[in-house]
Amino acid sequence: MAASLQLNPKPFRAPFCFQSLSPQKGGKIRCSATSTTKRYNITLLPGDGIGPEVISVAKDVLNVAGSHEGIEFRFQEMPVGGAALDLTGVPLPDETLLAAKRSDAVLLGAIGGYKWDSNEKHLKPETGLLQLRAGLEVFANLRPASVLPQLVDSSTLKKEVAEGVDLMVVRELTGGIYFGKPRGFSTNQKGEEIGFNTEVYATFEIDRIARVAFETARKRRGKLCSVDKANVLEASMLWRKRVTTIALEYPDIELSHMYVDNAAMQLIRDPKQFDTIVTNNIFGDILSDEASMITGSIGMLPSASLGESGPGLFEPIHGSAPDIAGQIEVHSVLRAACFLLVDNVNKANPLATVLSAAMLLRYGLGEENAAKRIESAVLDTLTRGFRTGDIYSTGKKLIGCKDMGEEVLKSVDSQRSAAVMS
Ligand code: IPM
Ligand code: MG
């Protein structure tokens, strides 16, 4: 295999402070007494748009990769986002949160769509996702972005800039302006309508995400860049002060600070200068989308959201892409002719969700071998030349979401044949 999706020169293991890494939590059937089969309960939240397509692929891949490692999954599918709104009238039904909390890990597809765009805030699909993150208390969001040799030509940056990029954005996920109060709509003295939000961070929130980031950097190349807007925002001034204080616990890590506007520019100018980035909720949202394009496509980037205990939440960083959900990968001229046939075929890239399933195995369940099987299979599929539209380049084989899933499964199976033959 040409490269590893391990994303770090040193093998990365999640910060040991995370109990969610431990596969020995109470109350779950982890290991049967009569056989070596390990069983995990996974909540699947397909959500909206391309969510169901990509989750269906990831589920098959989990099943097959798991079976090679003596792992059995029990999946429970629950509604979230727009799908839940249509079904129950709320974007995160209590039953969904309960099922998620009771499981060993949660895999989410995507949420959102035009249909619900003008809903009131509490009835937006996105609100369901934020409630889920808050409900699971998954404050640390790991978003790796590395340029795979197979996809270097898909990057919009010049080859010499993109080649070899391997960074990790550690995004604070349950605080900041996404959740800060006061928030809402009101009127000002002139009687004009205003909308307002609050960027607020408490010391404990900064300290815990900083520690996760320092631990993460320690397992990588030992460099941490904290991104803030401390030249303007009080919340960022405290952020910088606390990160600097926590740095005293990590003398082996090289810490730098960068303003977010500069970081946005540096990511495009010279992305290889970054190893681990730690930042607040909203800056992390924006910078991780930017970082994804360095790698070729947002359709490739997975994420892991972890808390101090309880199940982790694993999701691709892309959205629901309602414009491509359920579409066929045909030339636009043909598309009109195929209009009536398009509903069962699709062009979404399932690899971000498949790689999120690998993160689920590694960070959520501690099943490193099964995680590696999936990552190797993804690389092998790309090496064999298969591409969805978002990562297509001349000379490669353009296929749809389901076929990409089939190819990944073939690669997982060929690892087994290779192992049997060797
Ligand atoms: C993400 C998404 C979400 C976010 C949206 C869908 C609420 O953009 O996971 O990056 O803003 O966190
Ligand atoms: Mg985002």
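**Close-up 1. A small closed space, the second largest cavity.** In this predicted model, the second largest cavity holds about 30 Å³. The structure has two cavities of 30 Å³ or more. What lines the second largest cavity? Look for E199, Y201, V227, D228, A235, S236, W239, N280 and F283. Helix α7 (234-246) and strand β8 each give at least two residues to this lining. The largest share is the one from α7, with three residues.

**Close-up 2. The largest pocket.** Now let's turn to an open space: the largest pocket takes in about 790 Å³. Its lining is made up of 43 residues. Which of them lie nearest the centre of the pocket? They are I317, H318, G319, S320 and A321, so they are handy names to find if you want to get your bearings. Strand β3 (105-110) and the helices α4 (125-136) and α9 each supply at least two lining residues. It's α4 that provides the largest share, namely five residues.

**Close-up 3. The ten-stranded sheet.** Here ten strands sit side by side in an open sheet. If you step across it, you meet β2, β1, β3, β12, β11, β4, β5, β10, β8 and β9, in that order, and the pairing is mixed. Why does one side of β2 and one side of β9 lack a neighbour in the sheet? Strands β2 (71-77) and β9 (254-259) are the edge strands and have a single partner each, so there is no neighbouring strand on one side of either. From one strand to the next, the twist averages 25°.

**Close-up 4. One edge of the sheet, where β1 meets β2.** Strand β1 (residues 38-47) pairs with β2 through seven bridges, and the two run parallel. To pick out one of these spots, find R39: its bridge partner in β2 is E72.

**Close-up 5. Strand β5 and its covered residues.** Is β5 mostly covered or mostly uncovered? Mostly covered: seven of its seven residues are buried. Their side chains go two ways. D166, M168, V170 and E172 point one way, while L167, V169 and R171 point the other way, and all of them are buried.

**Close-up 6. The two partners of β5.** How do β4 and β5 run, parallel or antiparallel? These two are antiparallel and are joined by seven bridges. Within this pairing, V170 of β5 has L142 standing opposite. With β10 the sense is parallel, and four bridges link β5 to that strand. Look for M168 here, whose bridge partner in β10 is T276.

**Close-up 7. Helix α9 across the strands.** Which strands does helix α9 (residues 281-294) lie across? They are β4 (140-146), β5 (166-172), β8 (223-228) and β10 (276-279). The helix runs at about 155° to β5. You've met α9 already, as one of the elements that supply at least two residues to the lining of the largest pocket.

**Close-up 8. Stepping back to the chain.** Time to zoom out: the chain contains 13 helices and 14 strands. Of its 422 residues, 55% are buried. Its accessible surface is about 18,200 Å², and carbon and sulfur atoms account for 56% of that. What about contacts between residues at least 6 apart in sequence: what percentage of them join residues at least 24 apart? The figure is 75%.

Key
Residues numbered from 1 in each chain as written. Chains lettered and ligands numbered in written order. Predicted model: local features only at pLDDT ≥ 70, side-chain atom pairs only at ≥ 80, totals over all residues. Heavy atoms only, no water. Buried < 20%, exposed > 50% of the residue type's maximum accessible area, 1.4 Å probe, protein only. Contact = heavy atoms within 4.5 Å. Areas by Shrake-Rupley, 256 points an atom, 1.4 Å probe, with all protein chains shown as cover. Pairing = 2+ DSSP bridges. Axes fitted to C-alpha atoms, helices over the stretch in contact; angles between N-to-C directions. 1 Å grid on protein atoms, 1.4 Å probe; cavity = no way out; pocket = protein on both sides within 12 Å on 5 of 7 lines; lining within 4 Å. Points joined across faces, edges and corners; volume = space filled by probe spheres on them.
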